Amino acid sequence: MARFEFKLPAMGESVAEATITHWLKKVGDRVEAEETIVEVATDKVDSEVPCEVTGVVAEILFDVDAVVQVGQVMAIIETEGDSAVVAEELPPTVAQVAENLTADIAAIKETTLAVSDFSNADRFYSPLVKSIAQKEGIGLEEMSRVKGTGLNNRVTKDDILNYVAQRGNKAAAGTTLSAPPASNTNTPTVVERTYSQRGEERIEMSRMGKLIAEHMSHSKHTSAHVQSFSEVDVTRIWQWRNKVKKAFEAREGEKFTFTPIFMEAVAKALVDFPLMNISVEGNTIIKKKNINIGMATALPDGNLIVPVIKNADELSLRGMTKVVNDLANRARLGQLKPDEVKDGTYTVTNIGSFGNVFGTPIINQPQVGILAIGAIRKVPAVIETAEGDVIGIRYKMMLSHSYDHRVVNGALGGMFVQRVAEYLEQWDVNRTL
């Protein structure tokens, strides 16, 4: 009987380990070749790991939240035979598990039959989640309203249990008025108010949330944050983009947003000011030869991830658009590769997409600068003309530059953000895309 060692595969260059976040199979389950068996996470991205062979899960060697090294065996897959043979040939520890294999498989089959009404569901539900839903009388239509926090918005056990708890919580609310005493008409009416005790809800931080919290706290304790701000007139860009975006979408099959324009301007400014494209190790400054711009991207669950545009200064505007759209789309779908979120040398975050005018972003270590791009607004402004100054309506936005004052002085930090503003304000309206 063949025993296959299911190992953690290479997750990308310089990625040595991953954390197990969810086993999709348990001991006794059958798994098909190329079927996902476990979900793991590095310090940046979540990934699904498929099994290389067809067989039965005989042993799981690591629990959820365990850290596994690349190449380490995570599970044993029996590729031939039935449960009776497995019990005879496996080592004692596995045989003990296999003693209950027949009962486990019967229970799985019973659960699968019991929740067969979920066969038409448009998203995946694990047998455990479906079993809880059936027990609580939750049908397919109601299940579609349960918010999932798992990979690709999958409903986890905690999600369904939290939903059940909230569903059954009917808090009393309202006020009660006491009747005034009838014996003494001179006594003022006393109104007693009672309030419902709604309690509180404790929410465990997600794994990514914990990593972000640790990373941000570390950055604030490491770098001496200081900010410079520049107001930018982007009227020329606004009008030029309106002129070319429809033709670009018709030709390329994807949208042309402002983001590639901003990234191009930042890349040019980093070429002009190479001392913004550095990192710090102790008392040593490391100048980066490659300009790799991190693009902070909001995820559906509210967290952020920073895919990296490699060699951004070498891309044409069309090429920049392709890369920006691809990374943003795959980031939101949880399909980024580990190598695509590493080696950034500078970061840009578009807070204007949330309607914010400006902000003070936290530096993404070990970088020394991050630029926040505010919302574009129509505002009255003074316009200089040959005939004199006039008041007109212009499209403007704010650039907020946070930088590490240990190694970047105010002159450099201020000149850098102003150079980005100049590239944007001096946009060539006759440019082709």
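**Note on strand β12, the α9–α11 contact and Thr 79**

1. In this predicted model, strand β12, which spans residues 293-298, pairs in the antiparallel sense with strand β14, residues 308-309, and two bridges hold that pairing. Within it, Gly 294 is found opposite Val 308 of β14.

2. Strand β12 also pairs with strand β13, residues 304-305, again through two bridges and in the antiparallel sense. Here the bridge partner of Thr 297 is Ile 305 in β13. The hairpin formed by β12 and β13 has five residues between its strands, and in this hairpin Gly 302 adopts a positive phi near 95°; a colleague inspecting the backbone may wish to look at Gly 302 in that setting.

3. A further partner of β12 is strand β15, residues 346-349, and in this case the two strands run parallel and are joined by four bridges. Ile 293 of β12 stands opposite Tyr 346 of β15. Strand β12 is thus described by antiparallel pairing with β14, antiparallel pairing with β13 and parallel pairing with β15.

4. Turning to the helices, α9 (residues 259-272) and α11 (residues 410-425) have axes that come within 9 Å and cross at roughly 130°. Because of that angle, α9 is classed as oblique to α11, and the crossing in which α9 passes α11 is right-handed.

5. On the α9 side, the contact is made by Ile 261, Phe 262, Ala 265, Val 266, Lys 268, Ala 269, Leu 270 and Asp 272, while α11 contributes Phe 416, Arg 419, Val 420, Tyr 423 and Leu 424. Sorted by class, the contact of α9 with α11 comprises 10 nonpolar residues and three charged residues, with no polar residues.

6. Which loop holds Thr 79? Thr 79 lies in the loop between β8 (73-78) and α1 (83-89). Its relative accessible area is 28%, so Thr 79 counts as partly exposed, a class that lies between buried, under 20%, and exposed, over 50%.

7. Although Thr 79 and Arg 3 are 76 residues apart along the chain, their C-alpha atoms are separated by 6.3 Å. When residues up to four places away in sequence are not counted, Thr 79 touches Ala 2, Phe 4, Val 53, Thr 54 and Gly 55. The partly exposed Thr 79 therefore has contacts with these residues while it sits in the loop between β8 and α1.

Technical notes: Residues numbered from 1 in each chain as written. Predicted model: local features only at pLDDT ≥ 70, side-chain atom pairs only at ≥ 80, totals over all residues. Heavy atoms only, no water. Pairing = 2+ DSSP bridges. Axes fitted to C-alpha atoms, helices over the stretch in contact; angles between N-to-C directions. Parallel < 35°, antiparallel > 145°, perpendicular 65-115°, else oblique. Left-handed = near helix turned anticlockwise from the far one by under 90°. Contact = heavy atoms within 4.5 Å. Nonpolar A, V, L, I, M, F, W, Y, C, P; charged D, E, K, R; others polar. Buried < 20%, exposed > 50% of the residue type's maximum accessible area, 1.4 Å probe, protein only.
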